[in-house]
Amino acid sequence: MNTKHDKWRIREAMAASQASANMNWTPEQQLQVDNAIRKMARMLPRFTADEVWYELGAAFPVTKGMTARLLVAQRKGIIKNTGQTTFANRGGRHDHAQRLTIWQAA
């Protein structure tokens with residue numbers, strides 16, 4: 001159920017994610033993330049943040065800002081949420097059994 005409280009919590013989480021991206025990624029790195037998201041949307045029928053991280057490479061700085069960049073791409077009409085989730089499978093610093101949204105091209 002989407003209550004006002006739930007919507008507020010979602011907005012707060014999105015703002016925190018974007019703040020993390022802004023603080024930890026340069027504008028050029030944010031552009032790299034955006035380009036990787038666009039590439040995954042073109043190449044794959046469905047994808048998660050895992051595939052975006054793979055595209056960025058192991059040396060790319062890890063932040064919690066990925067969610068914000070995916071939501072920006074959604075608002076721009078580049079990708080859309082499929083309504084499905086899966087678990088992260090990257091391992092290492094990403095291995096949190098974290099639930100990931102499954103995205104597709106819009």
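**Exercise 1: the nonpolar core**

Find out how many residues the largest nonpolar core of this predicted model has, and which elements build it.

*Solution.* Start with the count: the largest nonpolar core holds 20 residues. Next, look for the residues with the most contacts inside this core: Ile37, Phe47, Val52, Leu56, Met66, Leu70 and Ile79. Then turn to the elements: H2, H3, helix H4 (66–75) and strand E2 (99–105) each give two or more residues. Finally, H2 gives the most, with five residues. As background, nonpolar side chains in soluble globular proteins tend to be buried together.

**Exercise 2: two helices meet**

Work out how helix H2 (residues 27–43) and helix H3 (residues 49–56) pack, and which residues make the contact.

*Solution.* First take the geometry: the angle is about 120 degrees, and the axes lie 9 Å apart. An angle from 65 to 115 degrees would count as roughly perpendicular and one over 145 as roughly antiparallel; H2 and H3 are therefore oblique to each other. H2 passes H3 in a right-handed crossing. On the H2 side, the contact is made by Gln32, Val33, Ala36, Ile37, Lys39 and Met40, and on the H3 side by Glu51, Val52, Glu55 and Leu56. Sorting these residues gives six nonpolar, one polar and three charged.

**Exercise 3: a charged residue in a loop**

Decide whether Arg90 is buried or exposed, and find what Arg90 touches.

*Solution.* Begin with the place: Arg90 sits in the loop between strand E1 (79–87) and E2. Its relative accessibility is 15%, so Arg90 counts as buried. Leaving out residues up to four places away in sequence, Arg90 touches Asp50, Trp53, Tyr54, Gln98 and Leu100. Arg90 and Asp50 are 40 residues apart in sequence, yet 6.3 Å apart in space, C-alpha to C-alpha.

Note on methods: Residues numbered from 1 in each chain as written. Predicted model: local features only at pLDDT ≥ 70, side-chain atom pairs only at ≥ 80, totals over all residues. Heavy atoms only, no water. Axes fitted to C-alpha atoms, helices over the stretch in contact; angles between N-to-C directions. Helix = DSSP H or I, 4+ residues; strand = E, 2+ residues; numbered from the N terminus. Parallel < 35°, antiparallel > 145°, perpendicular 65-115°, else oblique. Left-handed = near helix turned anticlockwise from the far one by under 90°. Contact = heavy atoms within 4.5 Å. Nonpolar A, V, L, I, M, F, W, Y, C, P; charged D, E, K, R; others polar. Core = buried A, V, L, I, M, F, W, Y, C linked by side-chain atoms within 4.5 Å. Buried < 20%, exposed > 50% of the residue type's maximum accessible area, 1.4 Å probe, protein only.
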